[in-house]
Amino acid sequence: MIPRLNGDELSSRFDYYAALTRKGVAGFIIFGGEIDVVRDGLRELQRISERPLIIASDLEQGLGQHVRGGTLFPPAMAIASAVRKAGVGSASSLLTKLYSAFAQEALYAGINTIFAPVLDINTNPKNPIIATRSFGEDPETVSYLGCEMIDIIQGNNVIACGKHFPGHGDTDIDSHISLPVLNRGLFDLENNELIPFRRAIDCGVKMIMLGHLSVPAIDPSGIPVSLSAMAVSYLRNIMGFKGIVITDAMNMGGIGKFTEEEASVMALKAGVDIILHPKDPDNIAAYLRQNNLSMESLNLNISTPPNDLKPGFDDNRRLSEEMTRMAIRTEGAAHIKNPFIIIITDDEDEDGRYFIAALRKKHPDIKHCSILPGVDIPWQTIPPGHDLLISIFSNVRAWKGDTKRWVMSAISRLKDRAKIFAAFGNPYLLNEGSGDMRIYAYWASKEAQEAAAEKIMILRS
């Protein structure tokens, strides 16, 4: 098992994590914490463990996604956009810098396994949980960038984990909340979803995560792939994967009608190697023993960081900023005279402050209003004769659910009056808009908001 380790509680609950280590857990998945506290605690856990611990984290956007002090990089879809702009000659060098930074910062923090790349092909614009986490909408893009990430981080002694087998892209349900169904025939799967996983196996990925997905073409019973002997057999015997097979987190609604205890037994009987993120690892261990399931040690060739070589954090943050600016994509053009900004956001933490501040450097009198879920468009506050600039903040986040219906409704009601739409997050929301210009920023970092604002100011100068 790989239970959760809360980095902010690592000092106060160290005895608990140490006890789990002595009982023989395979490792931990890290959420949160300050980098120096995390690295010191993980060093001690590795010291007291009889075997090297798998220390993992969902670092799809680098160490800063979960550990404070690490660098936060743009999401996968933004990386793909930046790489396309870099061109063939520069792409390889750019990706080497990027994913070497991922690996070096992870090792410095004490993390030796990254639950990435996301190998899902985002073919469904209504997907609430993959979207910008995917490299793209076609097998070639996802396969190429997925294999680059695998080669580079594993070349830096960090285990890569491709996810979410056999593909979470063509779904419209968040598997954190409930069980999605992937209704594709086996021929379609083999010629679409499975291609990036096949390529990842060919390029030596050491771990694959099974998605909490019902895929009748692979297992007609409809049970989650993560618990399915037929799915594990397909991955092992048909696709030839010899590495570690791990479930997605067991605290997710995607395990369907089963309890965590039942799901854990089913997964291990199916041939899965590791159960991820059980709520109560002691309880799961007791239940497995009751079902005559013994736990065996994995034979792993893994590093036991932390690494004492401090990464170039300043250089990495500059690289993140550079890639953010490179990733910005625009369609069309607009000349606006009297701008009025409408912020549409389904996340109270995102209010467009950097976007507004950047525009006000050149246009200090610019006006704006914000719309949150459940709030109607305040038409009375929009001055007549102003050009509307719609900025949409809707990040992809686990457990968030599908808020897009409300966002799309707001966009639809504004589209005939707006000159510019800018998406800071899910780019598919702009499918509901129109306007003379669209700006795709892919995420809502300060740099992304400032770079998007620059595109508008350039057009007005």
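Which residue in strand 11 is the bridge partner of isoleucine 343? In this predicted model, the partner of isoleucine 343 is serine 370, and that pairing is a good place to begin a description of strand 10 and its neighbours.

**Strand 10 and its partners**

Strand 10, which spans residues 339–345, is mostly covered, with 7 of its 7 residues buried. Pro339, Ile341, Ile343 and Thr345 point one way from the strand, while Phe340, Ile342 and Ile344 point the other way. This fits a general pattern: in a regular strand the side chains alternate between the two faces of the sheet.

The strands that pair with strand 10 are set out below.

| Partner of strand 10 | Residues | Sense | Bridges |
|---|---|---|---|
| Strand 11 | 367–371 | parallel | 5 bridges |
| Strand 12 | 387–394 | parallel | 7 bridges |

Within the pairing with strand 12, threonine 345 has phenylalanine 393 as its bridge partner. Between strand 10 and strand 11 the chain passes through helix 11, residues 353–360, and this β-α-β crossover is right-handed.

**The largest pocket**

Helix 11 also appears in the lining of the largest pocket, to which it supplies at least two residues, as do strand 2 (27–31), strand 5 (159–165), strand 7 (244–249) and helix 13 (446–460). The volume of this pocket is about 1200 Å³, and of the 44 residues that line it, Gln65, His66, Val396, Arg397 and Ala398 are the closest to its centre. By character, the lining of the largest pocket divides into 16 nonpolar, 15 polar and 13 charged residues.

Notes:
Residues numbered from 1 in each chain as written. Predicted model: local features only at pLDDT ≥ 70, side-chain atom pairs only at ≥ 80, totals over all residues. Heavy atoms only, no water. Buried < 20%, exposed > 50% of the residue type's maximum accessible area, 1.4 Å probe, protein only. Helix = DSSP H or I, 4+ residues; strand = E, 2+ residues; numbered from the N terminus. Pairing = 2+ DSSP bridges. Right-handed = clockwise from strand over helix to strand, strands pointing away. 1 Å grid on protein atoms, 1.4 Å probe; cavity = no way out; pocket = protein on both sides within 12 Å on 5 of 7 lines; lining within 4 Å. Points joined across faces, edges and corners; volume = space filled by probe spheres on them. Nonpolar A, V, L, I, M, F, W, Y, C, P; charged D, E, K, R; others polar.
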